[in-house]
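Hi everyone, thanks for making the time. I'd like to walk you through one model today, so please have the sequence and the viewer open.

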Amino acid sequence: MPARARARKRAVDILYESELRGRPRQTTLAERVEAADPPVPDYTARLVEGVEEHSERLDELLSAYSQGWTLERMAPVDRNILRIGAFELLYAEEVPDAVAISEAVRLARELASDESPAFVNGLLARLMELKPTLLS
C-alpha cells in the first residue's frame, strides 16, 4: 500500500477514535504522535489538522449535499472518510480531485459497509462538480 494511502487510513482511525471517545481530534492526534506505535506519518497529521481546521465548513457541505442523510445519521466511519475526502478535494491543492475521490472510495470499500463506496463516491463527486462555487 502506498505511503499516502496508509496515511489516509491512519487519519480515518484517529478521527474515528476521537469521535467514539468524545475527545478533541488534536488530543488524539497528539497522543498517537507521542506514542509512535505505529509512527504517525506527516500526511496523517496534515489530514487530521486540515479536517479540524475546516470542520465547520466540511460538515456544512456534507450535510447540505448528502441527499436524505444528516451528518449525524451517517455511519461514523463514512462520516470521517467523507471529511478527509472533502478536505483533500477542496483544500489540498496538490491532490488531484480524481485521486481524492478514488482514495476515499477505496477507504470506504476497505473499512465500511457495502453501500458506503457508492455513497462516498456520489457525495464527493457532487462536491467536485460544485467546487468552483463552494470556495468562492
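I'll go from the overall fold to the core, then to a few single residues and the loops.

One thing to keep in mind from the start: this is a predicted model. Every value I quote is computed from it.

Let's begin with the fold. What secondary structure does the protein have? It has seven helices and zero strands. Reading from the N terminus, the order of elements is simply α-α-α-α-α-α-α. The radius of gyration comes out at 14 Å, close to the 14 Å from the globule rule for 136 residues, so the protein is as compact as a globular protein of that length. If you draw a box around the C-alpha atoms along the principal axes, its sides are roughly 40 × 30 × 30 Å.

Now some totals for the whole protein. Of the 136 residues, 45% are buried. If you take the contacts with a separation of 6 or more, 69% of them link residues 24 or more positions apart. On the outside, about 7100 Å² is exposed, and carbon and sulfur atoms supply 52% of that area. For those of you who think about electrostatics, there are 18 positive and 24 negative charges, and the mean positions of the two sets lie 2 Å apart.

On to the interior. As a general reminder, nonpolar side chains in soluble globular proteins tend to be buried together. Here, the largest nonpolar core has 39 residues, and the members that touch the most others are L62, I81, L82, I84, V120, L124 and L127. Which helices build this core? Two or more residues each come from α1 (3-21), α3 (42-53), α4 (55-65), α5 (76-91), α6 (97-111) and α7 (116-134). The largest share is from α5, with eight residues.

Please click on L127, one of those well-connected members. Leaving out anything up to four places away in sequence, L127 touches L61, L62, Y65, A86, L89 and L134.

Next, V12, which sits in helix α1. Is V12 buried or exposed? Its relative accessibility is 2%, so V12 counts as buried. Beyond its sequence neighbours up to four places away, V12 touches I81, I84, L107 and L111. There is also a long-range pairing to look at: V12 and V48 are 36 residues apart along the chain, yet their C-alpha atoms are separated by 8.3 Å.

Let's move to V77 in helix α5. V77 has a relative accessible area of 17%, and since buried means under 20%, V77 is buried. With residues up to four places away set aside, the contacts of V77 are Y16, L111 and A112. From V77 to L107, the C-alpha distance is 9.4 Å, with their positions 30 residues apart in sequence.

A45, in helix α3, is another one to find. A45 is buried too, at 15% relative accessible area. Outside the window of four places in sequence, A45 touches L29 and V40. A45 and R10 are 35 positions apart in sequence and 9.2 Å apart in space, C-alpha to C-alpha.

Now for the loops. Start with H54, in the loop between α3 and α4. Would you guess buried or exposed for H54? At 19% relative accessibility it counts as buried, the limit being under 20%. H54 is in contact with F87 and Y91, again not counting neighbours within four places in sequence.

I've kept the backbone geometry for last. In general, most residues other than glycine have a negative phi, and most peptide bonds are trans. With that in mind, have a look at the loop between α2 and α3, where A36 is found. What is the phi of A36? It is near 50°, a positive value in a residue other than glycine. A36 is partly exposed, with a relative accessible area of 36%.

P38 is in that loop as well, between α2 (25-35) and α3. The peptide bond joining D37 and P38 is cis, with omega about 0°. If you are setting the model up on your own screen, those are the two backbone features I'd invite you to look at: the positive phi at A36 and the cis bond before P38.

That's my tour, and I'm happy to take questions.

Methods:
Residues numbered from 1 in each chain as written. Predicted model: local features only at pLDDT ≥ 70, side-chain atom pairs only at ≥ 80, totals over all residues. Heavy atoms only, no water. Core = buried A, V, L, I, M, F, W, Y, C linked by side-chain atoms within 4.5 Å. Buried < 20%, exposed > 50% of the residue type's maximum accessible area, 1.4 Å probe, protein only. Helix = DSSP H or I, 4+ residues; strand = E, 2+ residues; numbered from the N terminus. Contact = heavy atoms within 4.5 Å. Rg over C-alpha atoms; globule rule 2.2 N^0.38 Å. Areas by Shrake-Rupley, 256 points an atom, 1.4 Å probe, with all protein chains shown as cover. Lys, Arg positive; Asp, Glu negative; His and termini not counted. Charge placed at Lys NZ, Arg CZ, Asp CG, Glu CD.
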